[in-house]
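This report goes through one protein chain, beginning with a helix and moving on to sheets, single residues and confidence. Please keep the sequence and the coordinates at hand while reading.

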Amino acid sequence: MIEARGLTKRYGDTVAVDDLSFEVRPGQVTGFLGPNGSGKSTTMRMIMGLDKPNTGETRVNGVNYHDLAWPLREVGALLEAKAIHPGRTAFNHLWALAQTNGISKDRVREVLDIVGLPSVAKKRAGKFSLGMGQRLGIAGALLGDPGVLLFDEPTNGLDPEGIRWVRNLLQTLAAEGRTVFVSSHLMSEMALTAEHLVVIGRGRLIAEMAVSDFIAQSSRQFVRVRTRQCDVLTRELESTGATVVPEDDGALAVTGVPAAEIGAVASAYGVVLEELSLQSASLEEAFMELTHDSVEYGAPETTSGRGGPGSPSGPGPGTSEEHSRLIPAGK
């Protein structure tokens with residue numbers, strides 16, 4: 001478990017993290033989201049004892065990181081993929097880390113297999129691509145078989161197969177009862193990977209909740225209704241306080257009342273429905289809506305296409321997960 005209590009970090013006149021408190025619990029993947037410059041990396045560095053907060057504290061499994069007797073065996077982290085000596089081979093990089101915490105060479109070979117790098121174990125890490133560097137960094141995080149794991153942008157530089165591999169790895173680690181805390185700018189990937197979210201902006205906590213709850217609170221949710229009796233249904237729904245917006249294809253986008261009540265109104269007035277479906281915002285849309293005022297640098301918005309209320313492009317379609325085989329980091 002990871003706990004942050006009242007964290008504040010200043011760099012001169014700049015407040016990077018501002019009275020931030022949250023918890024990351026075991027058994028689930030917790031996504032750490034925020035715009036650029038929101039303080040995510042600084043927060044992770046404070047958890048790992050690399051930066052000292054001006055006020056507040058962080059705890060891992062109830063203690064400060066610096067008080068852990070064998071830190072690699074309790075906490076694994078990928079904060080910077082290129083934090084390696086370029087002249088060392090992949091194996092020797094991991095072996096140097098392993099010796100500081102009494103970890104065997106067999107475990108070094110095991111994590112190289114897990115991340116798919118056994119064939120380049122004897123190659124110098126300085127020649128690795130960004131994606132290979134990410135895999136080596138993940139191997140370092142897994143080296144001590146820890147119960148707590150932090151990953152800062154772990155899919156950076158990976159191809160689609162590698163991204164799916166990371167997704168399955170994180171979910172497998174969480175299913176084993178570990179605490180998994182991961183930051184990413186890939187909202188579509190976070191929607192598939194994380195169960196819980198910690199969202200910050202300008203160093204402050206914006207939201208701490210389940211992914212489903214975070215999306216559900218977005219104003220971009222609406223009910224799409226299709227009928228040949230639009231005028232009648234619109235009149236009766238508006239009399240109940242609903243907001244009804246015609247879409248370009250003739251459907252109605254309804255907010256303010258649940259789908260069940262829309263169906264009941266239609267039935268009461270003999271309106272035949274051809275479609276009655278809840279349209280949910282994507283994680284990206286919900287994130288953009290909630291963090292709009294926390295973006296340090298933003299480009300002008302563009303509008304195109306048609307969509308539901310509050311969204312120029314409308315909610316995206318749902319996505320289903322395809323599971324693939326994974327060699328887990330054994331405990």
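## Helix α5 and its surroundings

In this predicted model, the 13 residues of helix α5 should span 18 Å at 1.5 Å a residue, and the separation of 19 Å between its end C-alpha atoms agrees with that expectation. The helix, which covers residues 130-142, is mostly covered, with eleven of its 13 residues buried. These buried residues are G131, G133, Q134, R135, L136, G137, I138, A139, G140, A141 and L142.

Which elements cover the buried residues of α5? The cover includes the strands β5 (75-78) and β6 (148-152), together with the helices α3 (90-99), α4 and α6 (160-175).

## The loop before α5

Between α4 (105-114) and α5 lies a loop that holds K123. This lysine has a relative accessibility of 47% and therefore counts as partly exposed. Leaving aside residues up to four places away in sequence, K123 touches R88, T89, A90 and F128. For one of these, A90, the C-alpha atom is separated from that of K123 by 6.3 Å, although the two residues are 33 residues apart along the chain.

## The open sheet β2-β1-β4

Three strands, in the order β2-β1-β4, make up an open sheet in which the pairing is antiparallel. Strands β2 (14-24) and β4 (55-60) stand at the edges and have a single partner strand each, so one side of each is left without a neighbour in the sheet. With direction ignored, neighbouring strands of this sheet are turned by 20° against each other on average.

Strand β1 (residues 2-11) runs antiparallel to β2 and is joined to it by seven bridges. Along this pairing, I2 has V24 as its bridge partner in β2, while K9 stands opposite V17. The two strands form a hairpin with two residues between them, and G12, in the turn, has a positive phi of about 65°.

Helix α1 (residues 40-47) packs on the sheet and touches β1, β2 and β4; the direction of the helix makes about 60° with that of β2.

## Strand β8 between β3 and β9

Is strand β8 (residues 196-201) mostly covered or mostly open? The strand is mostly covered, since six of its six residues fall under 20% relative accessible area, the cut-off for buried. The cover extends to both faces: H196, V198 and I200 are buried on one side, and L197, V199 and G201 are buried on the other.

Strand β8 pairs with strand β3 (residues 28-33) in the parallel sense over four bridges, and G31 stands opposite L197 of β8. With strand β9 (residues 204-210) the pairing is antiparallel and extends over six bridges; here A210 in β9 is the bridge partner of H196. The hairpin of β8 and β9 has two residues between the strands, and R202 takes a positive phi near 50° in it.

## S183 in strand β7

S183 is placed in strand β7 (residues 179-183), and its relative accessible area of 0% means that this serine is buried. What does S183 touch, if residues up to four places away in sequence are not counted? Its contacts are F32, K40, M44, F151, D152, E153 and P154. Several of these residues belong to elements described above: F32 lies within β3 (residues 28-33), K40 and M44 lie within α1 (residues 40-47), and F151 and D152 lie within β6 (148-152).

## The chain as a whole

The chain has eleven helices and 13 strands, and buried residues make up 48% of its 331 residues. Of the contacts with a separation of 6 or more, 70% are between residues 24 or more positions apart. The accessible surface comes to about 16,100 Å², and 49% of it belongs to carbon and sulfur atoms.

## Confidence in the model

The mean pLDDT of the chain is 87, with 88% of its residues reaching 70 or more. Two stretches call for care: residues 302-308 stay under 50 in pLDDT, with 18 contacts in the model beyond four places in sequence, and residues 310-331 are also below 50, with 56 contacts beyond near neighbours in sequence. Where pLDDT is low, the predicted coordinates should not be read in detail.

Terms used: Residues numbered from 1 in each chain as written. Predicted model: local features only at pLDDT ≥ 70, side-chain atom pairs only at ≥ 80, totals over all residues. Heavy atoms only, no water. Buried < 20%, exposed > 50% of the residue type's maximum accessible area, 1.4 Å probe, protein only. Pairing = 2+ DSSP bridges. Axes fitted to C-alpha atoms, helices over the stretch in contact; angles between N-to-C directions. Contact = heavy atoms within 4.5 Å. pLDDT = per-residue confidence, 0-100. Expected span 1.5 Å × (residues − 1). Areas by Shrake-Rupley, 256 points an atom, 1.4 Å probe, with all protein chains shown as cover.
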